[in-house]
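Visitor: I would like to learn how to read a structure like this one. Where should we begin?

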Amino acid sequence: MSVTMEQLVSLCKRRGFIFQGSEIYGGLAGTWDYGPLGVALKNNIKNLWWKQFVDGRNDMYAVDAAILMNQAVWKASGHVAGFNDPLVECSKCKARFREDQIDTSVCPVCDEKGTFGPARQFNMMFKTSIGAVESEDAMSYLRPETAQGMFVNFKNILDTYHPKLPFGLAQIGKAFRNEIAPRDFVFRSREFEQMEIEYFVDPRDEGAAAQTFDALYDEQLRFLSVLGLSSANVHKIDVPAEDRAHYSKRSVDTEYDFPFGQKELLGLAYRTDYDLAAHATASGADLSYFDEETKERIVPHCIEPTFGVERLVLAVLSDAYREDGEGENKRTYLQFAPTVAPIKACVSPLLKNKPELVAKAQEVFAVLKSRFSAIAYDDNGNIGKRYRRQDEIGTPYCIVIDFDTLGEIPELVDTVTVRDRDSGTQQRISLADLGAFLAEKLQ
Ligand code: ATP
C-alpha cells in the first residue's frame, strides 16, 4: 500500500521515532531529533552498513575525521567556489526557493504570479569562526560532505597501513548543508548523516575500474535488500553528462519511490583523481601511490558510493508501512525486516496483577534481553492493545506468559505464545526452544 507523508510523520512523532528539532521553541527548519526508536532504527541501518562495507571486507579502512577542517580543504575541493544552488526570491513576500524546485511563474507562499527575479548562486556551506578572534583566517565551515575527511587522510592511511590498490576509506558522520528549502520531512535536512566510501583504483586499468564501479553498484543494491526495501521501488539512473558534477566521469544515482515521488536515495560517482590531485596541488603534500611492481608513482582514481542515513530511514519507514483489517480490527503496522526493527520482540505477562505471571515474564525477559538486547517488556493495558502498540513500531514478535506457562495445563508448562506481527497468528513454543527460534527468525 502507499503511505502518505502525513501518516509517516504522525506515526514517527506519536511513537517516538522522530521529532521536529527544537520543537518547544517553535522548531528550527531542516533539523530533526530522534527519540529512542528512531535512534535504534538509525543505528541498525548504520551497523548493517558497517558490517557489509567495512567489517565484511578486507580492503576497507575506517576513518572518523573532524567535522571542522582547515578552510583550505574547502577551497581546494571546489566547495567554496562551486557548492552553490540557484536561488530565486519572490519580490512580493521575499520567500526564497531553489530554482529547480519550483514552478517559477507562481510563488508557492503568496501565490503571486511572475514576480521572481533572476537566479543568483547561493553557497550552501554553513560558515563558522574558529577561536576567539573573528577574522578571515579564523573562518571555516561545517563540512557539507564526509568525503573530504577521507581524501585529506589518504596519505595517513598509506603511510601507516601500506594498503595495496584497490582499497577504500570508509566513514559515517554528520554533514551540514544550508538547504534553501528543506522539505519532505528528513529527506532534505540541513543537518544529516552520510555513510561514504572513497574507493581507490589503478587508473591504468580502465577495464578493472569499470568492473569495480559495477561491483560497488551491486553492493549498494544488496545493501538495500538487506534493509528489506522492495526492489520495485528502487530505480537505477545513469546520470547524463550535463547533470554530473564536472569531475565525475560516470554517475549512477539510485532513486526510490518516496511518498512525494521518485527521488535520489544513494549515489555512486567515478571522481577520477580530481580530489587527490587538487589536494596535492593546494597542500604541497605528495598524494601519489607507489606501485612496488612497476616502480611507478601514480595518483589513484576514486569511485565514491555515498549513502544518506536519513533518506534510508525514510525509505525503510515508507516501505514498511501497512494497514489492514476493518472497523475494530483495523491496524497499522510496520513490516520492518527483523534486522532493522528497533525492537526485536516484546515480552508480556498475560495479566499484570498476578505476581506469579509477572515473575515468570520478568525472568523470560531478562534471559532474552541478555542475548538479543533489543527486547521490550510491556504490561500496560490488555493484550490486544499491547499487540497494536508493538505492531505500530514494527516489533516482529510478541511473547506472552500465561497460566499455561505456569502449568495450568500440565502438558503446556514452560511454553509461551509467540505472536507473529505480519500474520497475527500465534504458536506455542517451549522456553527451552525460544532463544533458538528468535535467533533463526531475527537473522
Ligand atoms: P540532492 O540532489 O537531492 O540535493 P545531492 O545530489 O546534492 O542530493 P549528494 O551531494 O550526492 O546529494 O549527497 C550524497 C547523499 O547524501 C545523497 O545521496 C543523499 O542520500 C544525502 N543527502 C544529500 N543532501 C541531503 C539533505 N539535504 N538531507 C538529507 N540527506 C541528504
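Visitor: How many residues surround the ligand, and which are the closest?

Guide: This is a predicted model. In it, 13 residues surround the ligand. The closest are Ser189, Phe192, Gly267, Thr306 and Gly308.

Visitor: Which strand gives the most to the shell around the ligand?

Guide: Strand 13, with 3 residues. At least two residues each come from strand 10 (191-201), strand 13 (261-272), strand 16 (301-308) and helix 9. By type, the shell holds 2 nonpolar, 5 polar and 6 charged residues.

Visitor: How do I read the sheet?

Guide: Strands of a sheet pair through backbone hydrogen bonds, either parallel or antiparallel. Here an open sheet of 7 strands runs in the order 3-9-10-16-13-12-11, and the pairing is mixed. Strand 3 (60-62) and strand 11 (234-238) are the edge strands, each pairing on one side only. From one strand to the next, the twist averages 25°.

Visitor: In what sense do strand 9 and strand 10 pair?

Guide: Strand 9 (residues 167-176) and strand 10 are antiparallel, over 10 bridges. Lys174 stands opposite Glu193 in strand 10.

Visitor: At what angle do helix 2 and helix 9 pack?

Guide: Helix 2 (residues 36-55) and helix 9 (residues 309-320) pack at about 110°, their axes 10 Å apart. Helix 2 is therefore roughly perpendicular to helix 9. The crossing is right-handed. Leu41, Lys42, Ile45 and Lys46 of helix 2 make the contact with Val309, Leu312, Val313 and Val316 of helix 9. Of these contact residues, 6 are nonpolar, none polar and 2 charged.

Definitions and conventions: Residues numbered from 1 in each chain as written. Predicted model: local features only at pLDDT ≥ 70, side-chain atom pairs only at ≥ 80, totals over all residues. Axes fitted to C-alpha atoms, helices over the stretch in contact; angles between N-to-C directions. Helix = DSSP H or I, 4+ residues; strand = E, 2+ residues; numbered from the N terminus. Parallel < 35°, antiparallel > 145°, perpendicular 65-115°, else oblique. Left-handed = near helix turned anticlockwise from the far one by under 90°. Contact = placed C-beta atoms within 7 Å. Nonpolar A, V, L, I, M, F, W, Y, C, P; charged D, E, K, R; others polar. Near = placed C-beta within 6 Å. Pairing = 2+ DSSP bridges.
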